[in-house]
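Subject: Structure handover

Hello,

I am passing on the structure we spoke about. Please look through it before reading my notes.

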Number of protein chains: 2
Amino acid sequence: MRTASVKDVADRAGVSVGTVSNVLNNPDRVAERTRERVQSAIADLGFVRNDAARQLRAGHSRTIGLVVLDAANPFYAALARGAEEEATRHNFSLLLASSLQDADREHRYIDLFEEQRVQGLLLSPVGETAARVADLAGHGVSTVLVDRDAEAETYGSVSVDDVHGGRIAVEHLLETGRRRIAFVAAETELRQVADRWRGARDAVAQEPSAGASIELVEAHSLTTLGGRAATLSLLEREPADIPDAIFCANDLLATGALQAFIMDGRYRVPDDVALVGYDDIEFASSAIVPLTTIRRPAEELGRTAVRMLLGDTASEHTVFRPELIARASTGSR
Amino acid sequence: MRTASVKDVADRAGVSVGTVSNVLNNPDRVAERTRERVQSAIADLGFVRNDAARQLRAGHSRTIGLVVLDAANPFYAALARGAEEEATRHNFSLLLASSLQDADREHRYIDLFEEQRVQGLLLSPVGETAARVADLAGHGVSTVLVDRDAEAETYGSVSVDDVHGGRIAVEHLLETGRRRIAFVAAETELRQVADRWRGARDAVAQEPSAGASIELVEAHSLTTLGGRAATLSLLEREPADIPDAIFCANDLLATGALQAFIMDGRYRVPDDVALVGYDDIEFASSAIVPLTTIRRPAEELGRTAVRMLLGDTASEHTVFRPELIARASTGSR
DNA sequence: TCGTAGCAATGAAACGATTCAAAGCTGAGA
DNA sequence: TCTCAGCTTTGAATCGTTTCATTGCTACGA
């Protein structure tokens with residue numbers, strides 16, 4: 001037994017297919033009695049609209065494609081949730097894929113989405129994608145890059161001002177009286193990390209009394225274990241050389257740093273050392289010492305990207321300002 | 001300018017549309033020179049297959065729908081990743097949606113997926129869905145429930161034996177010499193939590209020397225803060241009444257319990273108290289005291305569900321055994 | 001030279017929903 | 001009774017791909 005089509009519904013209700021289509025899409029154009037007859041035929045046959053036929057006729061789908069680096073990463077998970085929410089509000093659905101930082105996978109997904117004639121594409125790109133994205137624009141697929149700023153005019157972008165984020169983190173430390181600051185980071189060649197480092201140095205440079213200093217401490221990775229190891233080695237210094245504040249490139253590093261202080265036992269957070277993280281992951285507020293951090297508005301990024309795509313602003317460049325969330329780890333309360 | 005169709009490609013290459021289609025789908029049926037001509041026409045025009053037309057003709061899509069309770073939850077994120085991976089291996093793509101525990105949202109997504117003529121549906125259901133799923137089966141959409149066991153024959157299921165999980169957690173504690181066990185949990189009416197509790201009691205009941213006991217300690221929620229608060233109140237007891245082992249219904253609770261012990265400072269993990277979590281989230285291995293836990297094979301669940309759907313076993317019921325991951329928090333170094 | 005096997009290429013039909021110009025109907029007013 | 005406006009309904013054409021029965025062609029053996 002095949003699934004029912006509009007034709008079957010039309011036959012059973014004794015009307016034409018055009019009328020059935022109108023019941024589905026323009027109910028007010030159909031007389032009430034007819035509409036009821038058609039609707040009960042639909043129910044009887046268990047008719048379900050065939051979206052493929054619909055799309056074929058329409059020439060495009062009500063779908064948006066989103067390719068992120070890793071959907072399991074909480075930041076991108078939140079971004080995807082925001083995008084999904086906004087898409088649903090506009091009666092669109094969201095197709096989600098993870099490139100896992102693999103350019104091949106990324107290309108495969110882009111191709112797939114193009115075959116599906118998605119309305120638009122949200123992309124957190126692995127490497128250089130300018131050419132590919134220009135291609136897409138040529139085919140009429142508008143694209144918005146997420147978590148990456150861009151200058152091109154063929155596509156838009158939403159990103160976070162990480163220079164600003166680094167600056168407000170360190171400004172906060174300076175304001176609360178800290179003077180010897182360490183920036184703990186890994187993968188410093190990543191644009192995100194490099195920008196935070198730059199903002200941090202800017203803040204120190206602009207400190208009026210000029211009594212502050214900042215140094216870079218490299219961890220082996222952007223993880224809890226990386227932060228713990230880097231901090232433990234920092235703690236081997238002479239007491240006089242121990243910083244009075246640590247700014248970590250993300251919350252995982254900061255969590256590891258906090259563990260290191262607890263394991264070592266000699267210095268207390270925030271009394272002896274202040275600690276600032278970055279991202280405001282869920283865990284930051286429930287750490288042993290709740291973590292002061294810089295929040296990136298992940299859901300908002302997703303929502304905005306979708307709005308840009310569906311609105312007529314798909315070639316603008318929106319930059320979000322991250323926000324300081326002051327908690328106990330810098331003694332603020 | 002419209003996007004190119006097979007017709008346009010055929011015209012430019014000087015062949016018929018049937019031949020173009022064969023180049024795309026059965027290249028070996030086409031003579032080499034013709035194939036090359038068609039391929040360069042495809043490249044010249046930037047032709048991209050229209051998936052909607054393809055699906056319409058085929059009668060079904062190469063897509064699988066997955067509706068989970070919350071895609072941002074690490075467990076479901078991992079499950080989705082496993083499903084996605086397996087789907088890709090079979091040249092299918094995965095459509096992911098979160099019901100956010102809302103039955104309405106769940107239904108909307110199921111309808112949407114049905115309109116898209118998905119090949120099959122993976123569902124981690126909110127409430128009672130037997131009727132709806134039977135409906136789907138009637139329309140020829142096979143369904144596999146995930147993280148939920150079922151008895152019905154119209155659909156399959158993949159789930160985890162949480163009774164077993166509770167049992168091996170407590171058996172491990174008993175084997176390492178612990179005798180007074182607390183089970184810290186919240187939302188005890190959830191099937192998953194109730195099963196773990198049952199397994200835990202079974203293990204105590206079967207302890208040969210009969211010298212062991214277990215009690216339920218309720219937390220306000222299945223979170224880090226819940227675990228911390230519940231453990232802190234436990235620590236207000238007389239020293240003689242403090243358990244020598246705590247089994248938490250998930251890793252977040254266990255993380256909170258660990259924080260409580262560190263904040264309190266009187267008892268050490270694992271020397272004075274052993275600690276076991278559940279799920280093996282990423283954070284478990286990088287806690288201050290690495291956490292012994294029960295791993296649920298989330299990715300494997302996803303992979304298996306997809307395999308069942310695409311194979312001919314879409315009405316079986318697969319139950320996975322969770323696995324003990326022994327780490328420092330139970331003294332197993 | 002004829003017949004034929006076998007490979008290549010053809011192109012009309014089909015999938016199912018939507019669109020839109022045209023036709024049908026009803027009732028009010030002349 | 002006739003006309004016309006306004007509301008309903010009709011149904012052929014369309015979207016782009018795949019399928020498959022048919023046709024065209026080549027080369028080989030008789």
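Below is what I found in it, starting with how the two protein chains are related.

The model is predicted, so please read the distances as computed values.

**Chains A and B**

A turn of 180° with a shift of 0.0 Å along the axis lays chain B on chain A, with an RMSD of 0.2 Å. This is therefore the relation of a two-fold axis. Within chain B, the C-alpha nearest that axis belongs to B:Ala52, at 2.3 Å. The copies meet through the same surface, because 98% of the interface residues of chain B are interface residues in chain A as well.

**DNA strand C**

Around DNA strand C there are 22 residues, and the closest are A:Val6, A:Arg54, A:Arg57, B:Ser16 and B:Thr34. Of the atoms of DNA strand C that come within 4 Å of the protein, 68% are sugar and phosphate.

Three polar contacts can be listed for this strand:

- A:Arg57 has a polar side-chain atom 2.5 Å from a base oxygen of DNA strand C.
- A:Ala53 has a polar backbone atom 3.5 Å from a base nitrogen of DNA strand C.
- B:Ser16 has a backbone N or O atom 2.8 Å from a phosphate oxygen of DNA strand C.

The elements that give two or more residues to the surface near DNA strand C are H2 and H4 of chain A and H2 and H4 of chain B. H4(A) gives the most, with four residues. By residue class, the surface near DNA strand C divides into eight nonpolar, nine polar and five charged.

**DNA strand D**

DNA strand D is surrounded by 21 residues, the closest being A:Ser16, A:Thr19, A:Thr34, B:Val6 and B:Arg57. Sugar and phosphate make up 69% of the atoms of DNA strand D that come within 4 Å of the protein.

The polar contacts here include the following:

- B:Arg57 places an N or O atom of its side chain 2.3 Å from a base oxygen of DNA strand D.
- A:Arg57 has a polar side-chain atom 3.4 Å from a base oxygen of DNA strand D.
- B:Val6 has a backbone N or O atom 2.4 Å from a phosphate oxygen of DNA strand D.

A:Arg57 thus appears on both lists, with a base oxygen of DNA strand C and with a base oxygen of DNA strand D. Helix H2 (17–25) and helix H4 (51–58) of chain A, along with helix H2 (17–25) and helix H4 (51–58) of chain B, each supply at least two residues of the surface near DNA strand D. The residues of that surface are seven nonpolar, nine polar and five charged.

**The sheet in chain B**

Chain B has an open sheet of six strands, in the order E2-E1-E3-E4-E5-E11, with parallel pairing. Its edge strands are strand E2 (93–98) and strand E11 (317–320), each of which pairs on one side only. From one strand to the next the twist averages 15°.

At the E11 edge, strand E5 (residues 156–160) of chain B pairs with E11(B) in the parallel sense over four bridges. B:Ser157 has B:His317 as its bridge partner in E11(B).

Helix H5 (residues 74–89) of chain B packs on the sheet, where it touches strand E1 (63–68), E2, strand E3 (120–123) and strand E4 (142–146). The direction of helix H5 makes about 175° with that of E1(B).

Regards

Definitions and conventions
Residues are numbered from 1 along each chain as its sequence is written. Chains are lettered from A and ligands numbered from 1 in the order in which they are written. This is a predicted model: local features need pLDDT of at least 70, side-chain atom pairs count only at pLDDT 80 or more; totals for chains, interfaces and linings use all residues. Side-chain values use heavy atoms; hydrogens and water are left out. A residue is near a molecule or strand if one of its heavy atoms lies within 4 Å of it. A polar contact is a pair of N or O atoms within 3.5 Å; within protein, one must be able to donate a hydrogen and the other to accept it, and residues adjacent in sequence count only if both atoms are side-chain atoms. Ala, Val, Leu, Ile, Met, Phe, Trp, Tyr, Cys and Pro count as nonpolar, Asp, Glu, Lys and Arg as charged, and the others, Gly among them, as polar. Two strands pair if DSSP finds at least two bridges between them. Axes are lines fitted to C-alpha atoms, for helices over the stretch in contact, and angles run from 0 to 180 degrees between N-to-C directions. Contact means heavy atoms within 4.5 Å. Copies are superposed by least squares on the C-alpha atoms of residues with pLDDT of at least 70 in both.
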